[in-house]
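This report goes through selected strands, helices and loops of one chain. Please keep the sequence and the structure at hand while reading.

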Amino acid sequence: MGNEARHHDEQRIERIFSADRRTLPPDGGPHFNRLIFATSPYLLQHADNPVEWYPWGEDAFARARAEDRPVFLSIGYATCHWCHVMAAESFDDDEVAAVLNREYVPVKVDREERPDIDDTFMRVAQMMNGSGGWPLTIIMTPGRQPFFAATYIPRRSRGGMPGLIDLLEKIAEVWRQRRDVVRQNCSAIMDALSRFNSVRPAAAEDEAPLHGARQQLADIYDKEFGGFGGAPKFPMAMNLSFLLRYGQRYGDGEAVAMATDTLTAMAQGGIWDHLGGGFHRYTVDGRWLVPHFEKMLYDQALCTLALVEAAQVTGNSVFRELAKETCGFVLRELSAPAGGFYSALDADSEGREGACYLWTPAQVRDILGVADGELFCRLYAVTARGNFEGANVLHLPLAPDAFARDEGVDPLRLQEKIAQWHILLLEARERRPRPFRDEKIITGWNGLMIAALARTFLICGDELLLEGAERAVRRVCIDLRTPAGRLVRSCHRGEASGPGFLEDYAFFIRGLLELHEATLDPRHLALARSLAHDMLRLFGDSGGGLFDTGSDAETILVRGKGALDGAIPSGNAMAASVLIRLGRITGDGVFEEAGRGIIRAFLAGAARQPAAHIHLLCALGELLADPFEVVIAAATRPHAVRELLCILGGRLIPGLVLMEREENAPAREGGGGGSIARVCAGRVCLPPVTAPEGLEEILARHIIRPVRPG
């Protein structure tokens, strides 16, 4: 895309985002459609399409009923590359728009703003086609019953795929002339959805599913490149966290090695942004080389948590530094001025995928000079041929220390050079056109990032991480919580969306609990406790497990309830985990029993498909672990409390229950003789801790790091 075209596109987006909606008619007027009134950046990107889009809502379905038309539903998100492709090819095309506007009622949904709609219809797509993805295309009756599902559809027929116009006209003909076929499809799909949501609670919980998951992950583990399966290859950070926890619990060095070798391969590959930090969403190959360049907030949070746990389990400082760098990227690139974190960075800039991140040897030499430029190009495999569309995704075929040995360069001097090169190249890169940033703030994703920042703070001590987490909590409480205390899903430019979902409550509570462990601030625990009560009230079900949507929210076809993980943990799995932790910290048995009930509701399914229920099995591991109780005396001096918390944060401690209580023998100002903490481990209470070093000694005895095999 040339400068003129890029400038035009930027002007278009700014015109949409800055339009004075108060002056526009309900249909958007001659220059816009109804999406101009949306809060979602993704919907706003489509607000000037010639397609007469509706947002999801009764107005669209009322028109469909009145005119006996099917509804064309398109689901995507603002940083989705193939969503952009389909938009440019089809939704900006007058001929496609004419067919859609004549034969259908077109509806657009942001999957990140409405995960309930997306989850429901993605399940439909998987039932009908065996797979799904985005953009997701659904055609349904005015009664909201789906009968056709697809993902990306090209504008014109190619490679055996029918073009969109041909497809739309054929389906419209079936709708008019063969309504019986439509009804049969709808009936079969609705029956399957109803069966999918049924649960049969298990009578008890045991360790067998944990061992089953470990074996299943080993079976799909890529021994050559790390990770799971082939191309495309996703981080699957939840798998890594499970393996680290399993390895810690059972002394299984091989499980730990699967996780740490994967993290090392990712950090050397192109999925990691070597200049700016942060992880891209996935790689199109199985070697972690060429990424799909978008960066999602939830990936940064989940990968950071896995890196922290790798550092805790192994003691390897490389993982700690990678966690810190990932958090640094989020604080720099995804932080909102008023606190909280934006959702994502697009894959595209200048109309090309990855344009912001690619390098040629000439560009590197121009910035670093010939000698350093050549050394950089050898280190990061930057070649004239390139590895992506004639340019290069930076990656490390060899770790820097090994490269230094091969080159006969002093490793410390090379590290100094690398740091300097990164500064210079990043400065140059930041002068390039930047990818679009989705500035929607999502409650649940912020909860995950708060947790990641708090955990990383404990292993590196950087106060900026703690400050970022605290600011995010305040932002959620101000802009993502109603006066009555109900969490909402998201906000954008000061406008809030609809009610929050189970995952929003569970993930935000997780962030509050991690902040409590990092600070012992009683406000975080109190808010977590209050929200947990709300979560059980809004999402509870006497039949077992929690619903994904609240009792005060819209039901899409059926009220969903599940524990399958996707790109993020399932809401039920995270809810189980936080309820167990909260129950043990507060001593409130209602919470722990509710967490146990969620696990039992889905345990039979987890036993059949353990790798699809990884986070539920992490929660099971927490439930089965003997509590490791640490009570810090409330009168302990602040600097000693901080030291104790950092010591605890340096280890992955199964069953950790951290509390602050009034103790009978608080530490004296002189620093000797008094108890500053007590520990109960393995169902035995140990002698009081009178100095931070005493806690370190207890952990060294009771929390054994697994030995890596071979």
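Helices and strands here are DSSP runs, of at least four residues for helices and at least two for strands, numbered from the N terminus. The model is a predicted one.

## A buried central strand

Strand S2 covers residues 71–76, and 6 of its 6 residues are buried, so the rest of the structure largely encloses S2. Burial here means a relative accessible area under 20%. Both faces of S2 are covered. On one side the buried residues are Val-71, Leu-73 and Ile-75, and on the other they are Phe-72, Ser-74 and Gly-76.

S2 has strand S3 (residues 105–110) as a parallel partner, with 6 bridges between them. Within this pairing, Val-71 is bridged to Val-105 of S3. S2 also pairs with strand S4 (residues 136–140), here in the antiparallel sense and over 5 bridges. In S4, Leu-136 stands opposite Ile-75.

## Helix H4

Helix H4 spans residues 81–91, and 8 of its 11 residues are buried, so H4 too is largely enclosed by the rest of the structure. The buried positions are His-81, Cys-83, His-84, Val-85, Met-86, Ala-87, Ser-90 and Phe-91. In an α-helix there are 3.6 residues a turn, so residues three or four places apart point the same way.

## Two three-stranded sheets

One open sheet has 3 strands in the order S8-S9-S12, paired antiparallel. Its edges are strand S8 (295–296) and strand S12 (437–438); each has a single partner strand, so one side of each is left without a neighbour in the sheet. Strand S9 (residues 344–345) runs antiparallel to S12, and 2 bridges join them. Asp-438 in S12 is the residue opposite Ala-344.

Another open sheet of 3 strands has the order S13-S14-S15, and its pairing is antiparallel. Strand S13 (441–442) and strand S15 (495–496) are the edge strands, each pairing on one side only. Strand S14 (residues 490–492) is joined to S15 by 2 bridges in the antiparallel sense. The bridge partner of His-492 in S15 is Glu-495.

## Packing of H15 against H16

Two packed helices are described by the angle between their axes and the distance between the axes. For helix H15 (residues 370–379) and helix H16 (residues 400–407), the angle is about 125° and the axes lie 11 Å apart. That angle makes H15 oblique to H16. The crossing of H15 past H16 is right-handed.

Which residues of H15 and H16 make the contact? From H15 they are Leu-375, Arg-378 and Leu-379, and from H16 they are Pro-400, Phe-403 and Glu-407. By class, the residues in this contact of H15 with H16 are 4 nonpolar, no polar and 2 charged.

## Backbone exceptions

Most residues other than glycine have a negative phi, and most peptide bonds are trans. Two cis bonds precede prolines in the cases below. The peptide bond from Trp-134 to Pro-135 is cis, with omega near 5°. Pro-135 sits in the loop between helix H6 (115–129) and S4. The bond joining Ala-231 and Pro-232 is also cis, with omega about -10°. Pro-232 belongs to the loop between helix H9 (208–220) and helix H10 (237–250).

Trp-288 is not a glycine, yet its phi is positive, at about 65°. Trp-288 is located in the loop between strand S6 (282–283) and strand S7 (291–292). Is Trp-288 buried or exposed? Its relative accessibility is 0%, so Trp-288 counts as buried. Leu-557 is another residue other than glycine with a positive phi, near 65°. Leu-557 lies in the loop between helix H21 (522–539) and helix H22 (571–586). With a relative accessible area of 23%, Leu-557 is partly exposed.

## A separation in sequence and space

Gln-420 is part of helix H17 (residues 411–429). The relative accessibility of Gln-420 is 45%, so Gln-420 counts as partly exposed. How far apart are Gln-420 and Gly-500 in sequence and in space, and what are the values? They are separated by 80 residues in sequence and by 44 Å in space, C-alpha to C-alpha.

Conventions: Residues numbered from 1 in each chain as written. Predicted model: local features only at pLDDT ≥ 70, side-chain atom pairs only at ≥ 80, totals over all residues. Heavy atoms only, no water. Buried < 20%, exposed > 50% of the residue type's maximum accessible area, 1.4 Å probe, protein only. Pairing = 2+ DSSP bridges. Axes fitted to C-alpha atoms, helices over the stretch in contact; angles between N-to-C directions. Parallel < 35°, antiparallel > 145°, perpendicular 65-115°, else oblique. Left-handed = near helix turned anticlockwise from the far one by under 90°. Contact = heavy atoms within 4.5 Å. Nonpolar A, V, L, I, M, F, W, Y, C, P; charged D, E, K, R; others polar.
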